[in-house]
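Ready to get to know a new structure? Work through the exercises below, and try each one yourself before you read its solution.

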Amino acid sequence: MRQCKKCGKKGLLLRMEKDTGLCLSCKGAFAERAKPLAERLMEVENMNLAARSDDPKTIVTQCEAVEESANKLLSLKKEYSMEPGPELQELITKYRDIKQKALNDL
């Protein structure tokens with residue numbers, strides 16, 4: 001019998017998302033909560049301010065924003081029993097390294 005990993009609903013006719021193991025309502029709730037976090041991450045990554053800026057304080061601020069959003073997204077994925085991809089952890093590591101370099105330059 002099918003069972004949602006988040007809410008625990010069960011049933012033979014329960015519609016579930018194959019990739020996530022979530023029922024459609026939980027998948028929708030996850031998408032709604034994850035979208036703003038993912039958009040913030042993409043915005044900062046696309047603008048690449050941390051790499052273009054000469055001001056260490058600006059770099060640190062941008063890196064902290066990325067790290068905060070990425071960690072919130074990781075927590076959200078864990079809350080919904082989803083396995084985070086390696087890309088998210090790589091992004092966190094990348095911005096931690098950039099931030100540390102900027103802090104050393106202060």
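**Exercise 1.** Work out how helix 1 and helix 4 are placed relative to each other.

*Solution.* Keep in mind that this is a predicted model. Start with the geometry: helix 1 covers residues 24-47, helix 4 covers residues 86-105, and the two pack at an angle of about 50° with their axes 13 Å apart. Next, put a word to that angle. Angles from 35 to 65 degrees are neither roughly parallel nor roughly perpendicular, so helix 1 is oblique to helix 4. Then check the handedness: this crossing is left-handed.

Now find who does the touching. Helix 1 brings Leu-41, Val-44 and Glu-45, while helix 4 brings Leu-88, Leu-91, Lys-94 and Tyr-95. Sort these by class and you get 5 nonpolar, no polar and 2 charged residues.

**Exercise 2.** Do the same for helix 1 and helix 3: which way do they run relative to each other?

*Solution.* First, look at the axes, which come within 9 Å and cross at roughly 155°. Second, compare with the cut-off: angles over 145 degrees count as roughly antiparallel, so that is how helix 1 and helix 3 run. Third, the handedness: the crossing of helix 1 and helix 3 is left-handed.

Fourth, list the partners. On the helix 1 side, they include Phe-30, Ala-34, Leu-37 and Leu-41, and on the helix 3 side, Val-66, Ala-70, Leu-73 and Leu-76 are among them. By class, this contact holds 9 nonpolar, 2 polar and 5 charged residues.

**Exercise 3.** Find the residues that touch the most other members of the largest nonpolar core, and say where the core comes from.

*Solution.* The core has 25 residues, and Leu-41 and Tyr-80 touch the most other members. Helix 1, helix 3 (56-79) and helix 4 each supply at least two of its residues. Helix 3 gives the largest share, with 8 residues.

Zoom in on Leu-41. Leaving out residues up to four places away in sequence, Leu-41 touches Val-66, Ser-69, Ala-70, Leu-73, Leu-88 and Leu-91. Leu-41 also takes part in the contact of helix 1 with helix 4 and in the contact of helix 1 with helix 3. As background, nonpolar side chains tend to be buried together in soluble globular proteins.

**Exercise 4.** What is the phi of Ser-81, and where is Ser-81 found?

*Solution.* Begin with the backbone: Ser-81 has a positive phi of about 55°, although it is not a glycine. Then locate Ser-81: the loop between helix 3 and helix 4. Finally, check its surroundings: with a relative accessible area of 35%, Ser-81 is partly exposed.

Notes:
Residues are numbered from 1 along each chain as its sequence is written. This is a predicted model: local features need pLDDT of at least 70, side-chain atom pairs count only at pLDDT 80 or more; totals for chains, interfaces and linings use all residues. Side-chain values use heavy atoms; hydrogens and water are left out. Axes are lines fitted to C-alpha atoms, for helices over the stretch in contact, and angles run from 0 to 180 degrees between N-to-C directions. Helices (H or I, at least four residues) and strands (E, at least two) are DSSP runs, numbered from the N terminus. Angles under 35 degrees count as roughly parallel, over 145 as roughly antiparallel, 65 to 115 as roughly perpendicular and the rest as oblique. A crossing is left-handed if the near helix is turned anticlockwise from the far one by less than a right angle, and right-handed if clockwise. Contact means heavy atoms within 4.5 Å. Ala, Val, Leu, Ile, Met, Phe, Trp, Tyr, Cys and Pro count as nonpolar, Asp, Glu, Lys and Arg as charged, and the others, Gly among them, as polar. A nonpolar core is a set of buried Ala, Val, Leu, Ile, Met, Phe, Trp, Tyr and Cys residues joined through side-chain atoms within 4.5 Å. Buried means under 20% relative accessible area, exposed over 50%, partly exposed in between (1.4 Å probe, protein chains only).
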